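User: Got a two-chain model here and I'd like to walk through it. Can you take me round?

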Amino acid sequence: MNEPRFPKCVKVSSKPSNFCPGCGHSITLKNLGFVLDELKAAPETVFATDIGCSLLAWDYFDIDTVQTHHGRVTALASGLKRALPKSNIIAYMGDGGGYAIGLQYLIGAVRRDDPMMVILVNNTVYAMTGGQMAPTTIKGENTTSSPGGIFADEEPLQGPELLATLCHEDAYIARTTVDNQVQLQNYLKKAFATQKSGHFAFVEVLSYCPTNWKTDAKRTIDFLDHLKQTYRVGVIHGE
Amino acid sequence: MELLTGNEIIVKAAIAAGADAFFGYPITPTTEILTHWSEEAAKNKGLIFLQTEDEIAAGFGVIGAALGGKKSWTATAGVGHLLMQDPIVMAESMRIPFVAYIGQRGGPSTGTVIYSQQELSVARDGGNGEGMRLVLGPSNLQELYDFTILAFDWAWRYSLPVIILGDGYLSKMTGQVEIKKGIRTMPAKPYLQNDRKPINIRNCYSLEEELGQVLHRELKDFSEIRKVVEKSETQSCVDAELVIFAWGSVAGAAKEAVGNLRSEGKKVGLFRPITLKPFSETRAKQAVRTAKTILIVESAQGKFGRLVKEALFGLADIKIEELYKPAEGIMAAEIEARVREILS
């Protein structure tokens, strides 16, 4: 029997990772690892994580990594890129960090067209703190701070669409999902290429959170499908 | 010699110390540091400049650039200083060099754009940790220049945040300073992308004991560093019956007052900490050996006073007098009048 395929740039000593079973972070990170391997980009890449579940990736890869909090990862990445213009800089965050408490840093980075890539994992909740509603929570979604769907009455934030109104012509902005790993890898590769060409790249990944959605396998997959009705999957800006 | 403002002097000192990246957000009274740096960076492609969305972004930009091997820094004041504590406490947690000039303004909140000594506690301990940072308190323009250079040396020598805690008077004052040539400070090194084995840097721990061990080690290291960096100054304390305690701009006024009172034959001295963190408790105690009374003078309601009382704890026979003027300047004449009143 073949061994399961796993990226070479992952840090074996830190596995198994701390993510919950069924978590979309593991799928996203594994695919990012394959892309880093394929592009032979690991040695010249810095991976910066945020707070919440994204920080559990602080030792996921055997590459230079730094961990921050509260959406500040984007601001740190902007400073890092200026000091290390030849390195690939990846800012990795969740929807709370990126779209609520750290949104102005994202807006700053996209307006300046900072040549770095942002991966934002959108699972519609603050997962680490127990599943409170986020800017991405859909209308009527049941979370621990919108019990029975009450209070979840705002229009969900369309991050990539918002950033696309502010970005440079040659920037790349896309939304993909953890249930389409071919597309996920392709978009990440395009994001690397965009950064290399000197522009800002942003990939939102619609992701599973069975722990906080309180869903079994089938209902987890179904809810992600349901989210695609609110969040358009595809390239939002660029080719 | 050229006439320069405090803010211009700070930029000249930073460049002399090898600074090559500045991240900041405009706020009075430190805005001209940002604008002077932008003028320098416009002339020199080797200097990084970014005007950020807020002070938090500025501070995290400083950390990012420091991780990449740049001598990066920022300047802010007042409520901007409060936001800046977020990145400063992260630099503290990960032992990343960080230099910030703080030009204290009046508070609480927006207060005034001019002056105070109210940001002392925030500078010393403004975080959710143990306050492992170094704080220097300049009292004149030459010290502003010299201490800014020293801050860049210490930040990279000890991998710690270093704050130069000035105020609006110092920032906006015009004067002459001796610009030194051939200054050597601790060089910067890249923490990431440095041809060594990749590293994973974090400040989040799963277990109390795990973080406890890290803090124990860091605090031990900090107590070693404090022995080397502690600085203070005394004036006429040898036979003093009354010792004035003051720091920063107020210490400048207090020096003048001590000179005038001594010429009247009054046995008055001054103890002035140069490092507000660490505060030299040993030297503070030595300064009051012959004193019956101390007079604490500050432009805040006892923030410095609490430090002094803690340092002198146990010396029960010393009488403590206070001259507190929150967010207002203090002249030598006011200090002299108070001392005459106490000694009469």
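Analyst: Helices (H or I, at least four residues) and strands (E, at least two) are DSSP runs, numbered from the N terminus. The model is predicted: local features need pLDDT of at least 70, side-chain atom pairs count only at pLDDT 80 or more, and totals for chains, interfaces and linings use all residues. Residues are numbered from 1 along each chain as its sequence is written, while chains are lettered from A and ligands numbered from 1 in the order in which they are written.

User: Start with the backbone. Where does Pro16(A) lie?

Analyst: Pro16(A) is in the segment before helix H1 (24-38) of chain A. The peptide bond leading to Pro16(A) from Lys15(A) is cis, with omega near 0°.

User: And what is the peptide bond from Thr28(B) to Pro29(B) like, cis or trans?

Analyst: Cis, with omega near 10°. Pro29(B) sits in the loop between strand E2 (21-24) and helix H2 (31-43) of chain B. For context, most peptide bonds are trans, and most residues other than glycine have a negative phi.

User: OK, phi then. What is it for Lys40(A)?

Analyst: Near 50°, a positive value in a residue other than glycine. Lys40(A) is in the loop between H1 and strand E1 (45-49) of chain A.

User: Is Lys40(A) buried or exposed?

Analyst: Exposed, because 10 other C-beta atoms lie within 10 Å. The scale: 20 or more other C-beta atoms within 10 Å of a residue's own is buried, 12 or fewer is exposed, in between is partly exposed, with C-beta atoms placed from the backbone.

User: What about Thr124(A), buried or exposed?

Analyst: Buried, with 27 other C-beta atoms within 10 Å. Phi of Thr124(A) is near 70°, also a positive value in a residue other than glycine. The residue is in the loop between strand E4 (117-122) and strand E5 (125-126) of chain A.

User: Switching to sheets. What order do the eight strands of the open sheet take?

Analyst: E9(A)-E7(A)-E8(A)-E4(A)-E3(A)-E1(A)-E2(A)-E9(B), with mixed pairing. Strands pair if DSSP finds at least two bridges between them. Strand E9 (234-237) of chain A and E9 of chain B stand at the edges, each with a single partner strand, so one side of each has no neighbour in the sheet.

User: Which helix packs on the sheet?

Analyst: H2(A) does, touching E1, E2, E3 and E4 of chain A. Its direction makes about 175° with that of E3(A). Axes are lines fitted to C-alpha atoms, for helices over the stretch in contact, and angles run from 0 to 180 degrees between N-to-C directions.

User: How many bridges join strand E3 of chain A to E4(A)?

Analyst: Five, and E3 (residues 88-94) runs parallel to E4(A). Ile90(A) has Met117(A) as its bridge partner in E4(A).

User: How does E2(A) pair with E9 of chain B?

Analyst: In the parallel sense, over two bridges, with E9 at residues 200-201 of chain B. Asn200(B) is the bridge partner of Thr65(A).

User: And the wider contact: how many residues of chain A and chain B are in it?

Analyst: 25 residues of chain A are in contact with 30 of chain B. Contact means C-beta atoms, placed from the backbone, within 7 Å. On the chain A side, strand E2 (64-67), helix H2 (73-83) and helix H4 (103-112) give two or more residues. H2(A) gives the most, with eight residues.

Terms used: Two residues are in contact if their C-beta atoms, placed from the backbone, lie within 7 Å.
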